[in-house]
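Good morning, and thank you for the time. I would like to take you through one structure, strand by strand; please keep the display in view while I speak.

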Amino acid sequence: MTKGEVTVKTGHSAESDVNGLCRVPAADVYETPDAYVLMLDLPGVEKDAITLMLDKGELRVQAKPSEQKQTPGRLLFSEMRPGTFTRSFTIGDGIDTNSIDAHFDKGVLTVKLYKNAQMKPREISIN
Amino acid sequence: MTLMRWTPAPTLPSDVLGMQREINRMFDSFFRGATEDEGLQTTPWNPVVDVAENEHSYVLNVELPGVSRNDVKIVVQENQLTIRGEKKQEKESKNANYHRVERSFGSFQRTFSLPTSVKSDKIDAAFTDGVLTVTVPKAEEARAKEIEVKVK
């Protein structure tokens with residue numbers, strides 16, 4: 001791992017909601033020449049219920065599924081895991097922390113972390 | 001029952017590989033929240049479903065993050081309700097270099113048997129924030145009726 005990278009912290013997180021339940025959302029991480037892109041599955045969450053916190057090189061995502069989205073009535077069977085979605089990522093020095101884009105659509109959170117100038121590939125011309 | 005000889009360690013390399021695969025699968029299913037019958041699934045992706053019953057209807061909630069409304073089909077045939085569709089991998093550019101892929105892609109299908117006492121022509125579906133909600137109304141005769149019993 002080089003210093004500038006964005007990496008996923010261990011699946012578990014110390015964070016949990018009041019019930020002590022936390023759920024690890026599936027995440028994709030990819031790199032383009034100018035950015036790192038994180039995509040997280042957060043089904044059943046409303047945009048306003050998502051918190052993205054950048055603190056000391058750690059980006060933490062927390063999202064509580066909305067109460068109304070929970071299946072009403074008596075559950076006949078349930079495969080969904082209860083709890084607040086929680087996941088953390090380590091953000092290296094190569095990221096310009098002032099320009100982070102986040103976008104939420106169809107239950108998927110996309111976070112774009114732009115690389116700073118030193119991290120971008122630069123072609124050197126041959127004289 | 002007979003006593004079986006116990007082999008303390010796998011001797012063949014294929015056993016080691018198989019074990020490694022099994023451990024990887026366990027980790028994968030743990031972090032992805034896959035269901036226990038994962039080993040039996042025929043499609044690569046089995047979306048997670050909750051089914052509930054209330055006074056008026058049966059409600060199915062299916063987690064389909066990243067799936068477009070137009071890519072989902074709900075079909076009712078006889079007493080079977082099938083939800084099928086496809087999730088396409090949203091590729092931003094050809095230059096994308098993946099470091100980690102945990103999210104599921106591809107086609108999916110889940111089928112449910114409906115009780116006979118439902119109004120299958122009145123099934124309603126809504127799709128919000130990556131959750132598909134299918135409401136199957138109960139027929140009149142299936143609803144619990146309150147009968148007042150007079151105590152003499």
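β3(A) and β4(A) run antiparallel to each other, and their pairing extends over five bridges. To fix the register, please find V29(A): its bridge partner in β4(A) is L38(A). I should say at once that this is a predicted model.

β3(A) also pairs across the chain boundary. Its partner there is strand β5 of chain B, residues 97-101, again in the antiparallel sense, this time over four bridges. Here the residue to look for is D28(A), whose bridge partner in β5(B) is V101(B).

These two pairings belong to one sheet. In what order do the strands of this open sheet come? The order is β9(A)-β10(A)-β4(A)-β3(A)-β5(B), five strands with antiparallel pairing. At the edges are β9 of chain A and β5 of chain B, each of which pairs on one side only. On average, neighbouring strands of the sheet are turned by 15° against each other, if direction is ignored. As a general reminder, strands of a sheet pair through backbone hydrogen bonds, in either a parallel or an antiparallel arrangement.

Let me turn to the contact between the chains. Chain A contributes 35 residues and chain B contributes 33. On the side of chain A that touches chain B, β3 (27-31), β4 (35-41) and β7 (74-78) each supply at least two residues. That side of chain A is made up of 18 nonpolar, seven polar and ten charged residues.

Now chain A as a whole. It has ten strands and zero helices, so that its pattern along the sequence reads β-β-β-β-β-β-β-β-β-β. Of its 127 residues, 35% count as buried. Among the contacts in chain A with a separation of 6 or more, 62% join residues 24 or more positions apart.

I close with two lysines in loops. K56(A) sits in the loop between β5 (50-55) and β6 (58-63) of chain A, and its phi is near 45°, a positive value in a residue other than glycine. Is K56(A) buried or exposed? It counts as exposed, because it has 6 C-beta neighbours inside 10 Å, and the cut-off for exposed is 12 or fewer.

K106(A) lies in the loop between β9 (95-105) and β10 (108-115) of chain A. Its phi is also positive, about 50°, although K106(A) is not a glycine. With 19 C-beta neighbours inside 10 Å, K106(A) counts as partly exposed, because buried requires 20 or more.

How values were computed:
Residues numbered from 1 in each chain as written. Chains lettered and ligands numbered in written order. Predicted model: local features only at pLDDT ≥ 70, side-chain atom pairs only at ≥ 80, totals over all residues. Contact = placed C-beta atoms within 7 Å. Nonpolar A, V, L, I, M, F, W, Y, C, P; charged D, E, K, R; others polar. Pairing = 2+ DSSP bridges. Axes fitted to C-alpha atoms, helices over the stretch in contact; angles between N-to-C directions.
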